[in-house]
Every structure is written in C-alpha cells, then in structure tokens.
Amino acid sequence: MSWTTTSIDPDHADLVQQAVDCIALAGKLLVDHDGHPDFGSPILTESLAAARGRLAEALTGGQLAETDIGDACRVLVDIERVQEQVARTTAIRRIAELGEVHDAAVTLRGLAPQQVIEAAPEVVCTQLPFARSMISAVSGSLWQPRRLYLQPDLDGSPLDFSDYVDASVWSLADAPLETELVRRRVPALVAAAAADGRTHKEIISRSRTSSYVAAPVMSAGKVIGLLHADRPGSEGGLDPDDRDRLDAFTTILAIVYEQAVLKHRIQLQRARVEESFDATQTMLDRISKADAILSHQAAATADSSTDDPGESRVLEINSVLTVREREILSHLATGATNNQIAQALVISEGTVKSHVKTVLKKLHAPTRAAATALYSSQTRRAR
C-alpha cells in the first residue's frame, strides 16, 4: 500500500519509516488471525492508529499465539512512541504555520478599512499556499463578490472568471454551504465541489474549481463577508489543514479590519474636534478684536470730553441718531431682541433690523454690544 503522510512532515523520513515498519509488524502478527489485514486508510497516521487498535484487541482478547505476545507488546509500545513523535512534530508544524498565517495577515495593518478588504485575497495567494482567492460582502440574504485575485500565471486563463465575479450579486438561498458558513460561523472544506449538493453550481461551473475552502469574516460579532480560496490545476485536492489555515487567516483579518475601522473613526473624531477648536479660536479672535475696538472708542470718547463738542470727531449719539434710532438703541442697551423691540415700539421686526443696521453704521460700532457700550458711556457722561 502507498500511504499519504498527512500529519507527518515528509522531511522526517525516519519517522515515516518507523510508522510504516510498525504497521508491517502489526500485520505480520495478525496474519494468522485476520488473514492479510488491511488497516483501511491510505493516510499513514490513520493506518497506524488502526493497527494499534486491532493489535491491542487481539492481544487483550487472547487471540494471538503465546509466542507472539511479547512481540505484540513491543510493537504496541513502538506504535505509541511513533504516535507521540507524530503528535509532537504535528504540533510544531502547526505552530510554525500559524506564525506564517499571522505574519501574512498583519501585513494588512496600517491600511484603511476598505483597503484591508481589497488586499486580503492577494495576501492569501502570495503568502499562503493558495493560487486563487475571492472575498465577498454579506448583507442580509445577499452575497456580493468584492475582489477576485489570481496568481499571475492564471490571469487571462480559463480559470480567470473575474468578469463573472465583477457583475454578480448572489442570493444565499442558492448557496446552502455559504448560508451555513454565515449561520454557523465556521469554516468549510469542499473536497468535491461539483458533486457537493450544497455548492452554488453556476459559480462552480464558471470557476472550474474541483475543491475549495471558505471561511466567514467576522466583525462586531456578525459575519460581514466570506473568503474563498483554492489551488486550481494542482495535483491533489485541498485538505483540512488548508481549511484551518484560511480560518486562522480570517480570524486575524477580522481583528486587523476592526482596528482599521476604529482608527478611522478616531481620525474622524479628531478632525471634528480640531475643526471645532478652530471655529472657537476664530470666535475668540473676533471677540478680542471687538473688545480692542470698543476700548479704543471708549478712550477716544473720554479724551473728547475736554474738547469742543462741535469740533470733535467723536460721535455724539444725540446729534447723529434720529429719535427713532435712539429709541432702538435704548432698547438694545437692555439686551432686548429684535422681536421684543418690535413689540415694544409696535413696528415690524424687519423695520427694527433696518434701524439696528443704521445705528451700528452711524456709530461705527461693529456689534450690538459695542453700540450698547457707547450708549452706556454717553448716558453716564450726561449724568
């Protein structure tokens, strides 16, 4: 039998050989009991576990010849030792792969939220063992592709279905597998895409995929998108390691995306605060300027008290304003609004606005407050 060394690093040739030898020894010990035993799986690690189970069962059930019991015990010990080494190498390999996935995902840091989403498929294909990847947005019952990325050697080939993707919006009702991804929030491995009844058959036909993996992209506790990946045209299909690899990538991708969204919101809030600060500073500058003008006018008025009023350039309210305008000014000095002045003088609010504008112009006062200050100063001098 030719075994697939899934879960055993092919670089560990000694460990692979030890596993094969253990299986062969278990088969020899069981040949009298089981004929020619077949441990049922082309995957080496699964055959190793099956050999251990069958040998232990024969040993504890008293089904082996007495002369074979010692050898059977030694083979069982060897199998357990090999399995322990396989578990250790598998754990080390998975940790290394997780580190590679993490390093791939964090290259998206620093991008804007939209850029994170658009760049993800390219990272999947350039830094992970995939040749084609598509990211989609999920909104309600709709599933809409956002970007398809292919390795350069696939561009323009029959495996490039970008035109179809760019013009498509799909219903999740037509894709049971993707619906399951959204509802259960778990990744999926589709080993035989054409034969799997859960797949979207038009997409399978257009993409010509034989197997693929997919994982949900989460944000704020809900699925916002889907990430698909495959290796079209390669020997052999995808396996659970590919599924787990993509799932780990989308998990980190979601964190990077949420960080980008948070950073974007902070930048917007900072811009609003700075805009508000600038507006406040402008208002303070205007108030300061108005106070300076008012102080200058007040000083000029005080200096003019020793001069001949008929020759002074300081404006005297009584000689500059009409009776009605002085009435308007006296009400302004009380802090009354245009509407309140209109009611008091039984005139329209528009007329009041016109009078106020004329008063400010005649007194060279930039604001109502400045005109009121002049009025108060004039009143005090009159007393």
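User: Among contacts in the chain between residues at least 6 apart in sequence, what share joins residues at least 24 apart?

Analyst: Happy to start there, with the note that this is a predicted model. The pool is limited to contacts between residues at least 6 apart in sequence. Of these, the share that joins residues at least 24 apart is 61%.

User: Which secondary structure elements does the chain have, and how many of each?

Analyst: The chain holds 383 residues, and 38% of them are buried. Its secondary structure comes to 13 helices and six strands.

User: Which helix gives the most residues to the largest nonpolar core?

Analyst: That core has 28 residues, and those with the most contacts inside it are Leu108, Phe249 and Leu253. Two or more residues each come from helix H3 (69-106), helix H4 (113-127), strand E5 (212-219), strand E6 (222-230) and helix H8 (240-303). With nine residues, the element that gives the most is H8.

User: How many residues are in the other core, the one that includes Trp170?

Analyst: This core lies apart from the largest one. Val138, Leu154, Trp170 and Val182 are among its members. Its size is 26 residues.

User: Which residues does Phe249 contact, leaving aside neighbours within four places in sequence?

Analyst: Phe249 is one of the residues with the most contacts inside the largest core. With those sequence neighbours set aside, its partners are Val101, Ala104, Ala105, Leu108, Ala120, Val123, Val124, Leu128 and Leu227.

User: Is Val256 buried or exposed?

Analyst: Val256 is found in helix H8, and it touches Ala105, Leu108, Arg109 and Val116 when residues up to four places away in sequence are not counted. Its relative accessible area is 3%. Buried means under 20%, so Val256 counts as buried.

User: What is the C-alpha to C-alpha distance between Val256 and Val116?

Analyst: Val116 is among the residues that Val256 touches. In sequence the two are 140 residues apart. In space, C-alpha to C-alpha, they are separated by 7.8 Å.

User: Are helices H10 and H11 roughly parallel or oblique to each other?

Analyst: H10 (residues 323-333) and H11 (residues 338-345) pack with their axes 10 Å apart, at an angle of about 130°. Roughly perpendicular covers 65 to 115 degrees and roughly antiparallel begins over 145, and this angle falls in neither range, so the pair is oblique.

User: Which residues of H11 meet H10?

Analyst: The crossing of H10 past H11 is right-handed. From H10, the residues involved are Arg324, Glu327, Ile328, His331 and Leu332. In H11 they meet Ile341, Ala344 and Leu345.

Technical notes
Residues are numbered from 1 along each chain as its sequence is written. This is a predicted model: local features need pLDDT of at least 70, side-chain atom pairs count only at pLDDT 80 or more; totals for chains, interfaces and linings use all residues. Side-chain values use heavy atoms; hydrogens and water are left out. Helices (H or I, at least four residues) and strands (E, at least two) are DSSP runs, numbered from the N terminus. Buried means under 20% relative accessible area, exposed over 50%, partly exposed in between (1.4 Å probe, protein chains only). Contact means heavy atoms within 4.5 Å. A nonpolar core is a set of buried Ala, Val, Leu, Ile, Met, Phe, Trp, Tyr and Cys residues joined through side-chain atoms within 4.5 Å. Axes are lines fitted to C-alpha atoms, for helices over the stretch in contact, and angles run from 0 to 180 degrees between N-to-C directions. Angles under 35 degrees count as roughly parallel, over 145 as roughly antiparallel, 65 to 115 as roughly perpendicular and the rest as oblique. A crossing is left-handed if the near helix is turned anticlockwise from the far one by less than a right angle, and right-handed if clockwise.
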